[in-house]
Every structure is written in structure tokens, then in C-alpha cells.
Amino acid sequence: MTVTIGIKGHCAHCDITFELKPWQLNAIAIEEPFDCPYCQRVLQLSCPRQLRQFKALDHWALVHPSMAVLTCVVLIVALVAEWVGLISVIGQLNVSLVVLLVHFLALRYARYRQRITLDLQAVLPVLPVEQLTRVASARLGEQ
Ligand SMILES: [Zn+2]
């Protein structure tokens with residue numbers, strides 16, 4: 001995961017919205033439950049629509065580096081075109097301004113798409129009870 005900014009989680013149990021840390025984002029990505037930092041309940045992203053939205057974030061993370069490359073290429077091409085006399089200085093300036101504008105609009109849109117709040121549902125801890133009974137029966141067997 002390269003996206004870590006702007007993604008928030010909302011705990012359905014204690015009703016607190018918090019910024020998700022990289023390890024929590026990783027846990028969500030591999031659909032592994034993790035503890036709420038406030039109420040210590042085990043949380044999981046169970047909404048399939050939000051899970052799809054979350055997985056699509058990887059594509060939005062690629063917008064930044066690919067736009068940087070594209071903008072640089074267009075700026076260099078425009079500069080070379082002006083040097084060899086294909087376009088005028090004004091033409092070169094216009095092309096540069098337009099590509100810079102497109103660059104910033106694309107980054108703004110990508111950032112807007114990355115700003116989501118995930119509704120995290122508390123999952124019932126089934127396993128610990130099973131483990132407790134196993135530990136209890138093992139202890140009883142020892143005595
Ligand atoms: Zn909580």
C-alpha cells in the first residue's frame with residue numbers, strides 16, 4: 001500500500017473516527033481483523049462496496065508518479081519544439097501552462113478520491129472462547 005493519507009476508519013462500536021495507520025491499512029487489504037485503538041474491539045471491513053473502493057485506491061496512488069512523468073515529457077517536448085522552430089514561444093508557454101493545469105487538476109481529483117472513511121464493524125471474537133475452553137480442559141486434565 002502506498003496510500004496512507006486521508007483514509008479514515010469509523011469504529012461502529014465506540015463511534016469514533018480515526019486516521020488509519022499503515023499497518024491497519026495492510027490488515028484491511030488482506031481482510032484481517034484488527035483491534036480498535038479506542039475500545040479494543042476487533043474490527044473488520046465487512047461492506048463489500050467499501051472493500052472494492054478501498055482496493056481501487058492503489059490505482060489512484062499511481063496517478064501522482066505517472067502524472068509527474070507525463071508533465072515532464074510534455075514540457076521537454078514543448079521546449080524542444082520551440083527550439084527547432086515548430087512552435088512559437090507563446091505556443092510553448094501555452095502548452096506548458098495547460099499541461100501544468102491538467103497536472104494539478106488530476107492530482108486534486110486523485111486526492112479527493114483517496115479521502116474516504118471506512119465503516120469498520122466489530123466482529124465477534126469466536127476463536128478466543130474456543131481457545132479458553134481448550135486451555136481450561138487441558139488444565140483440568142493436568143490436575
Ligand atoms: Zn472502537
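These are my notebook entries on a predicted model of a single chain.

**Entry 1: the overall run**

I started by listing the elements. The chain has 6 helices and 5 strands. Read from the N terminus, they come as β-β-α-β-β-α-α-α-α-β-α. I then looked up burial: of the 143 residues, 6% count as buried. Contacts came next, taking those with a separation of 6 or more. Of these, 66% are between residues 24 or more positions apart.

**Entry 2: the sheet**

In what order do the strands of the open sheet lie? I get 2-1-5-4-3 for the 5 strands, and the pairing is mixed. Strand 2 (17–19) and strand 3 (34–35) are the edges, each pairing on one side only.

I went through the pairs I had details for. Strand 1 (residues 8–11) runs antiparallel to strand 2, with 3 bridges between them. One bridge I noted there puts G9 opposite F18 in strand 2. On strand 5 (residues 117–122), strand 1 pairs in the parallel sense, over 4 bridges. Here C11 has L120 of strand 5 as its bridge partner. At the other edge, strand 3 and strand 4 (residues 42–44) are antiparallel and joined by 2 bridges. D35 is bridged to V42 of strand 4. A reminder to myself: strands of a sheet pair through backbone hydrogen bonds, parallel or antiparallel.

**Entry 3: residues with positive phi**

I looked for odd backbone angles and wrote down three residues. D15 sits in the hairpin of strand 1 and strand 2, which has 5 residues between the strands, and its phi is positive, near 60°. E31 is not a glycine either, yet has a positive phi of about 55°. I found E31 in the loop between helix 1 (22–29) and strand 3. Q40 has a positive phi near 60°, again in a residue other than glycine, and lies in the loop between strand 3 and strand 4.

Are E31 and Q40 buried or exposed? E31 has 10 C-beta neighbours inside 10 Å, so I put it down as exposed. Q40 also counts as exposed, because its count inside 10 Å is 10 C-beta neighbours.

**Entry 4: the nonpolar core**

Which residues make up the largest nonpolar core? There are 6 of them: I7, L20, I28, L43, L118 and L120. L120 is the residue I had already met as the bridge partner of C11. I also checked L20 for contacts, leaving aside its neighbours within four places in sequence. The list is I7, K8, G9 and L25, and I7 belongs to the core as well.

**Entry 5: the two annotated spans**

I turned to the UniProt record, an unreviewed entry. It lists residues 59–80 and 86–107 under "transmembrane region". In the model, residues 59–80 are 95% helix and 0% strand, with end C-alpha atoms 32 Å apart. Residues 86–107 are 86% helix and 0% strand, and their end C-alpha atoms lie 30 Å apart.

How do helix 4 (residues 63–83) and helix 5 (residues 89–114) cross? Their axes come within 9 Å and cross at roughly 175°. Angles over 145 degrees count as roughly antiparallel, so helix 4 and helix 5 are roughly antiparallel to each other. From helix 4 the contact involves, among others, V63, M67, T71, V74 and A78. Helix 5 contributes residues including V89, V95, V99, H103 and A110.

Conventions. Residues are numbered from 1 along each chain as its sequence is written. This is a predicted model: local features need pLDDT of at least 70, side-chain atom pairs count only at pLDDT 80 or more; totals for chains, interfaces and linings use all residues. UniProt positions are given in the numbering used here, feature names are shortened, and annotations may be inferred rather than shown by experiment. Two strands pair if DSSP finds at least two bridges between them. A residue is buried if 20 or more other C-beta atoms lie within 10 Å of its own, exposed if 12 or fewer, and partly exposed in between; C-beta atoms are placed from the backbone. Two residues are in contact if their C-beta atoms, placed from the backbone, lie within 7 Å. A nonpolar core is a set of buried Ala, Val, Leu, Ile, Met, Phe, Trp, Tyr and Cys residues joined through C-beta atoms within 7 Å. Axes are lines fitted to C-alpha atoms, for helices over the stretch in contact, and angles run from 0 to 180 degrees between N-to-C directions. Angles under 35 degrees count as roughly parallel, over 145 as roughly antiparallel, 65 to 115 as roughly perpendicular and the rest as oblique.
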